[in-house]
Amino acid sequence: MKRVFSGVKPTGHLTLGNYLGAMRQWAAVDQHRADALFCVVDLHALTVDHDPARVRRLSRQAATLLLAAGLDPRLCTVFVQSHVDEHARLSYVLECVATDGEMRRMIQYKEKSVRERERGGSVRLSLLTYPVLMAADILAYGTDEVPVGEDQAQHVELARDLAARFNHRYGRTFVVPRTTVPKVAARVMNLQEPTSKMGKSDDSGPGIVYLLDEPDVIRKKVMRAVTDSGREVVYDPEARPGVANLLEILAACSGGDPADLSGAYASYGALKKDTAEAVVEVLRPVQERHRELCADPGHVEEVLRDGAERARAMARPTVDAAYRAIGLLPAVSGAEAVLNAAR
Ligand code: TYM
């Protein structure tokens, strides 16, 4: 059975982009066809300015939303990254395989570091090394496939490079993973700025649909989406990014094809109305389940405890093997030391 690994970062409230680009596939497809792990990657949330209490709150909320979106702990492993030491253990070893140059070429680092500097903030070293930790997340589990939205493809590519380089230098240790992205909605755009990704850490609230937005808030955000100056509804992501984004969202929610759907609409207004209703309907069951789960926080904690235990057992042998392969002296237990001394 294939091993699948993916994660969400608790740096903000989860969005429609997270859901359509990633979580929905995890629940509908991946957990049924593979030995799958899904992780709230909280260590990654410390790479930018953060408030400790907020990260804790968002981590709990992200875990609850993963379950609300349909991840079933009987089918897959759901856990929190910082509960499993192997991620940080492996990350250091991979830092000894990665180069400074390849880290500085990562698009997200370039964009975020420019933004941080413009705001007068400093850039944490962990923002630069973030993709190595992400590679460790993936490689620790012998992952075959990483289902993500398009924005993460470059990071998974780095994980592939590091795995191949490590194997070449120190002997075959890691599975070289591959990315899978959804056919539609692999990059949901901000409704107010349709040339930028809908990102949970961005400040532009009106352009972002959050998974826990009330139905009326969702309707308002979609109805106010920025469209283009034309009038005809055509699917052309280059020339008409606003309309293309709405068509992609509608297609992802209703199971259609964006180009085919464009023919069914004579006006932007009608397209927005149907898109808003489709989003409300797709999120309704997630929000209902989220409410139920919030009433039983003990259940979520139990799932996470059990998930971390399973994840630890899976990651440990691979990370131990990497430590041995790169030249670190294995630690011996007390009993082994006595045996060795007697030999
Ligand atoms: P994060 O938390 O930004 O996003 C979680 C998942 O949602 C996808 N996604 C989107 N898809 C389509 N349109 C959007 N607007 C959109 N916004 C987000 C992301 O592509 C992602 O699949 N670095 C990762 C977290 C991570 C990870 C990992 C993922 C850490 N370690 C190991 C996979 C494997 C991140 O920041 O995702």
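This passage describes the ligand site, the main nonpolar core and two individual residues of a predicted model.

We may start with the ligand and its surroundings. The shell around the ligand is made up of 27 residues, and the closest of them are Y130, D137, D151, V188 and K200. By type, this shell comprises 13 nonpolar residues, eight polar ones and six charged ones. Several secondary-structure elements take part: at least two shell residues come from each of β1 (3-8), α1 (16-33) and α6 (125-139).

Polar atoms of the protein meet the ligand at several points. The side chain of D151, one of the closest residues, places an N or O atom 2.5 Å from an oxygen atom of the ligand. In the side chain of Q152, an N or O atom is found 2.9 Å from a ligand nitrogen atom. V188 takes part through its backbone instead, with an N or O atom 2.8 Å from a nitrogen atom of the ligand. As for overall cover, the ligand taken alone exposes 710 Å², and 98% of that area is buried by the protein.

Attention now turns to the packing of the protein itself. In soluble globular proteins, nonpolar side chains tend to be buried together. Here, the largest nonpolar core contains 60 residues, and Y19, L20, M23 and L283 have the most contacts inside it. Helix α11 (residues 268-294) provides the largest share of this core, namely 10 residues. Where does this core lie with respect to domain 1 and domain 2? Because residues of both domain 1 (3-186 + 297-339) and domain 2 (205-293) belong to the core, it lies between them.

Two further residues are worth a visit, and a reader with the structure open can follow along. Y210 sits in the loop that runs between β5 (178-180) and α8 (215-223). Is Y210 buried or exposed? Its relative accessible area is 16%, so Y210 counts as buried, the cut-off being under 20%. Y210 is separated from T64 by 146 residues in sequence, while their C-alpha atoms are 14 Å apart in space.

The second residue, A308, belongs to helix α12 (residues 297-326). With a relative accessible area of 2%, A308 is buried too. How far apart are A308 and E145 in sequence and in space? Along the chain they are 163 residues apart, and from C-alpha to C-alpha the spacing is 20 Å.

Terms used:
Residues are numbered from 1 along each chain as its sequence is written. This is a predicted model: local features need pLDDT of at least 70, side-chain atom pairs count only at pLDDT 80 or more; totals for chains, interfaces and linings use all residues. Side-chain values use heavy atoms; hydrogens and water are left out. A residue is near a molecule or strand if one of its heavy atoms lies within 4 Å of it. A polar contact is a pair of N or O atoms within 3.5 Å; within protein, one must be able to donate a hydrogen and the other to accept it, and residues adjacent in sequence count only if both atoms are side-chain atoms. Accessible areas come from the Shrake-Rupley method with a 1.4 Å probe; for residues, only the protein chains shown count as cover. Helices (H or I, at least four residues) and strands (E, at least two) are DSSP runs, numbered from the N terminus. Ala, Val, Leu, Ile, Met, Phe, Trp, Tyr, Cys and Pro count as nonpolar, Asp, Glu, Lys and Arg as charged, and the others, Gly among them, as polar. A nonpolar core is a set of buried Ala, Val, Leu, Ile, Met, Phe, Trp, Tyr and Cys residues joined through side-chain atoms within 4.5 Å. Buried means under 20% relative accessible area, exposed over 50%, partly exposed in between (1.4 Å probe, protein chains only). Domain bounds come from an automatic or database domain assignment.
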